[in-house]
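Work through the following two exercises with the model open beside you, and attempt each task before reading its solution.

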Amino acid sequence: MAKDYYSILGINRDASQADIKSAYKKLAKKYHPDINKEADAEAKFKDVQHAYHILGDDQKRRSYNQFGEQGEKFGGQGGPGFQGFSGTGFEDIFESAFGSGFSGGFSDIFGSAFGGGKRGPARGEDIAIRMNITFEEAAFGTEKEIELDRIEECDNCKGSGARPGTKINTCTACNGSGVERKIRKTFLGVIQTQGTCSKCHGAGEFADDPCPVCDGHGRAHKRKKIKVKIPEGIDTGNHLRVKGQGNVGEMGAGKGDLIAVIYVEPHEIFKRDGNDIFMEVPVSFSESALGAEIEIPTLKGRAKLKVPSGTQSATLFKMKGKGIKSVNGSSYGDQFVKAIVKTPEKLNKKQKEIFEKLEKEEKLAKERKGIFGKLKGIFD
Ligand SMILES: [Zn+2]
Ligand SMILES: [Zn+2]
């Protein structure tokens with residue numbers, strides 16, 4: 001239930017601060033639970049306290065006058081700080097919040113928009129880079145040193161923004177709060193909005209004699225070498241976030257992050273699909289016919305693969321667990337090996353004799369005749 005703080009304190013809406021204070025003192029004494037033993041004394045005492053908390057503060061009182069209890073949420077000193085809303089966007093939020101009949105949504109929006117403590121200058125920006133790594137670096141993980149341009153504290157003023165040896169004063173625009181209050185006219189009437197102070201950018205301090213190197217911003221571009229740890233199993237398109245390696249904020253505010261977008265270069269032998277790797281291996285006629293054990297390169301060194309007799313070209317063999325480790329877990333992908341049966345191209349005399357003998361032994365020519373048999377009527 002909405003409570004009228006003026007009637008709780010028994011005063012008129014145009015009461016002065018002195019009237020409010022004396023009304024509060026009188027009622028607080030009357031309802032104090034140590035003095036008053038009536039059942040509802042404590043509840044009344046709390047109401048009186050809260051009414052005074054609001055009306056005794058000019059800021060909060062104005063908000064209350066304008067918006068009722070809902071206005072308490074954004075009228076107070078110290079609490080505010082809204083980020084992300086600026087200019088017209090703010091009115092948009094008002095419109096949508098008020099459009100549906102000025103209900104509970106209002107305080108929700110203010111709760112999130114104005115939450116937080118004293119404003120400070122904004123944290124530095126994130127830096128996004130593309131990072132090329134080799135197949136092996138992705139498969140095994142590594143640490144890479146990269147060089148990038150980033151914004152760091154100005155050496156000359158150590159990030160303060162003031163000419164060395166000069167004083168930094170409390171910002172006169174915001175009295176050191178970092179918050180700028182603006183009176184705006186909207187269709188609801190005059191309301192007060194708050195944002196980061198445009199003079200001190202929320203720092204609450206301002207250098208009257210700004211650092212000549214950084215023009216008072218406390219920041220400077222620098223070329224930096226930093227080490228980035230590449231986890232085992234990372235893949236193209238993954239994002240690596242390195243905390244605190246982005247740009248520094250203005251006047252010593254916190255640093256942003258470095259975000260490395262990974263691109264894994266193709267490998268000569270291995271192709272990757274997720275955590276599985278694929279490769280092709282040549283197998284000779286006789287190996288595929290007779291069967292053989294052949295040596296295969298894997299990520300963990302050489303391994304033996306059994307090619308059974310009668311293996312056809314393009315047969316795929318799976319070597320379980322010989323793929324890449326999952327970047328998020330401990331499981332491994334598989335390695336797939338495609339056997340490509342190579343037909344000999346240049347036969348020496350001896351090989352030719354062997355193949356001629358073999359040909360006589362083979363029944364393949366007869367099988368082909370069978371195909372023609374099935375197509376009778378088409379060719380003859
Ligand atoms: Zn400087
Ligand atoms: Zn300021």
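**Exercise 1. In which order do the four strands of the open sheet lie, and which strands stand at the edges?**

Solution. In this predicted model, the strands of the open sheet follow the order β10-β11-β15-β14, and their pairing is mixed. Next, look at the ends of that order: β10 (271-273) and β14 (315-319) each have a single partner strand, and therefore one side of each is left without a neighbour in the sheet. From one strand to the next, the twist averages 30°. Finally, turn to the pair formed by β11 (residues 276-284) and β15 (residues 335-342), which run parallel and are joined by eight bridges; one of the residues to locate here is V281, whose bridge partner in β15 is A339.

**Exercise 2. Check the span of helix α2 (residues 17-31), then work out where its buried residues fall around the axis.**

Solution. Begin with the span: at 1.5 Å a residue, the 15 residues of α2 should cover 21 Å, and because the C-alpha atoms at its ends are 21 Å apart, the model agrees with the expectation. Then mark the buried residues of α2, which are I20, A23, Y24, L27 and Y31. Viewed down the helix axis, these buried residues fall within an arc of 105°, so they line one face of α2. As to what this face meets, the buried residues of α2 pack against α1 (5-9) and α3 (41-55). To complete the picture, turn to the face directed away from the buried side, where the exposed residues A18, K25 and K29 are carried.

Notes. Residues are numbered from 1 along each chain as its sequence is written. Chains are lettered from A and ligands numbered from 1 in the order in which they are written. This is a predicted model: local features need pLDDT of at least 70, side-chain atom pairs count only at pLDDT 80 or more; totals for chains, interfaces and linings use all residues. Helices (H or I, at least four residues) and strands (E, at least two) are DSSP runs, numbered from the N terminus. The expected span of a helix is 1.5 Å times one less than its number of residues. A residue is buried if 20 or more other C-beta atoms lie within 10 Å of its own, exposed if 12 or fewer, and partly exposed in between; C-beta atoms are placed from the backbone. The arc is that of the directions from the helix axis to the C-beta atoms. Two residues are in contact if their C-beta atoms, placed from the backbone, lie within 7 Å. Two strands pair if DSSP finds at least two bridges between them. Axes are lines fitted to C-alpha atoms, for helices over the stretch in contact, and angles run from 0 to 180 degrees between N-to-C directions.
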